[in-house]
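This briefing covers salt bridges, burial, surface charge and distances between selected residues. Please read it alongside the sequence and the structure shown here.

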Amino acid sequence: LAAIQHAASAARALAASPPSDVEVHAARKEIKRARAALRMLRSTVSEAVYARDDAALRAAARVLNAARDARVLLRTLESLRRRHATLRKDQTSAALARALRRRQFEALRHLQLHPSELAGARAALQRLQLRARRWRVGRHGWSRLAPAFKRIYRAGRRAARTASRRPDVSTLHQWRKKMQYLWHALQILEPLQSAMPPKIGALARRLADCLGEEHDLARLRSALGAFGQRREKADEPLRAAIERRRR
């Protein structure tokens, strides 16, 4: 099962103590894929099993949130500085980059100083692998993949309509999450459906990536606001670059 494979990959990424920022990012991605696989099988397991195992995956991901967020904000800022020559000489963006590097170091340091948190996440992922082997998909279970995929697709369409009416940070973030589930579902189904249009997965990934970048930029804007509360004029070049990229 895809859920077992992704949970195992996430647990391997967390084997180092502490994991690097790359390993944290990899583990988070694998946990998202495991959750998408579980959603595809939702109608083949009981609601109690689904709720328990989805909660276990979310809890494992939560341990990594601080380290992951620091990494993403720093990479988002560095991407903006590469795009805009003026930002490479801007003191505010340079100071914010230093602050985000410290935050990233501290988040990884926290995992090193609290090994029980990582151990708990790994143990949860390992227990999920054992439980998943006992899931009873049943004789007709795989025929339920199509309705599960339709539910994921419909959820994405609903989120898109909501975001088109009210394109704020919250609704765009919800759309992003639905698109990530759709993209991962397409990856799971690809080996089973040779007639799938070749571009559909790439399109879903592109949209998920665009929405993800928008969300990261919105969070960077919030980080900038917290960082330079009394220096609005000095913050303006970076703030303007963030907003242009978001648009």
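Which residue forms a salt bridge with D53, and how far apart are the closest N and O atoms? The partner is R131, and the closest N and O atoms lie 2.7 Å apart. The pair links distant parts of the chain, with D53 in helix α3 (residues 47-62) and R131 in helix α7, 78 residues apart. The model is predicted, and the count of salt bridges in this model comes to 17.

**The D53 pair and helix α7**

- Both partners of the D53 salt bridge are buried: D53 is, and R131 is as well.
- Helix α7 spans residues 115-132 and includes L128.
- L128 has a relative accessible area of 3%, which is under the 20% limit, so the residue counts as buried.
- Apart from neighbours within four places in sequence, L128 is in contact with A7, D53, L57 and W135.
- D53 therefore appears twice in this region, as a contact of L128 and as the salt-bridge partner of R131, where a contact is defined by heavy atoms within 4.5 Å.
- L130 is also found in helix α7, but L130 counts as exposed, at 52% relative accessibility.
- Helix α7 thus holds the buried L128 and the exposed L130, because the values of 3% and 52% fall under 20% and over 50% respectively.

**Salt bridges within helices**

- D209 forms a salt bridge with R205, and the closest N and O atoms of this pair are 3.7 Å apart.
- D209 and R205 are separated by about one helical turn, because they are 4 residues apart in helix α10 (residues 200-227).
- D209 is partly exposed, with a relative accessible area of 37%, and R205 is partly exposed at 42%.
- R246 forms a salt bridge with E243, with 3.6 Å between the closest N and O atoms.
- R246 and E243 lie in helix α11 (residues 232-246), where a spacing of 3 residues means that about one helical turn separates them.
- R246 counts as buried, at 17% relative accessibility, whereas E243 is partly exposed, with a relative accessible area of 23%; the two fall into these classes because the limit for burial is 20%.
- The R246 and E243 pair also belongs to a network of salt bridges that links E214, R221, E243 and R246.

**Surface charge and helix α8**

- A patch of positive charge on the surface is made up of K150, R151, R154, R157, R158, R161 and R165.
- One of the patch residues, R165, lies in helix α8 (residues 145-165).
- R165 has a relative accessible area of 63%, and is therefore classed as exposed, the limit being over 50%.
- A146 is placed in helix α8 too, and A146 is partly exposed, with a relative accessible area of 44%.
- A146 and L189 are 43 residues apart in sequence, and their C-alpha atoms are 9.5 Å apart in space.

**Helix α9**

- Helix α9 covers residues 169-189 and is the place of Q180.
- Q180 counts as buried, at 16% relative accessibility.
- Leaving out residues up to four places away in sequence, Q180 touches K32 and A208.
- H173 lies in helix α9 as well, and H173 is partly exposed, with a relative accessible area of 21%.
- The values for Q180 and H173 fall on opposite sides of the 20% limit, so Q180 is classed as buried and H173 as partly exposed.
- H173 and D216 are 43 residues apart along the chain, and their C-alpha atoms are separated by 9.7 Å.

**Other C-alpha distances**

- The C-alpha atoms of L128 and T162 are separated by 34 Å, and these residues are 34 residues apart along the chain.
- L130 and F227 are 97 residues apart along the chain, with 45 Å between their C-alpha atoms.

Conventions: Residues are numbered from 1 along each chain as its sequence is written. This is a predicted model: local features need pLDDT of at least 70, side-chain atom pairs count only at pLDDT 80 or more; totals for chains, interfaces and linings use all residues. Side-chain values use heavy atoms; hydrogens and water are left out. Helices (H or I, at least four residues) and strands (E, at least two) are DSSP runs, numbered from the N terminus. Buried means under 20% relative accessible area, exposed over 50%, partly exposed in between (1.4 Å probe, protein chains only). Patches are made of residues with over 30% relative accessible area and no salt bridge: like charges are joined within 9 Å, nonpolar side chains (Val, Leu, Ile, Met, Phe, Trp, Tyr) within 5 Å. Accessible areas come from the Shrake-Rupley method with a 1.4 Å probe; for residues, only the protein chains shown count as cover. A salt bridge is a side-chain nitrogen of Lys or Arg within 4 Å of a carboxyl oxygen of Asp or Glu. Lys and Arg count as positive and Asp and Glu as negative; His and the chain ends are not counted. The place of a charge is taken as NZ of Lys, CZ of Arg, CG of Asp or CD of Glu.
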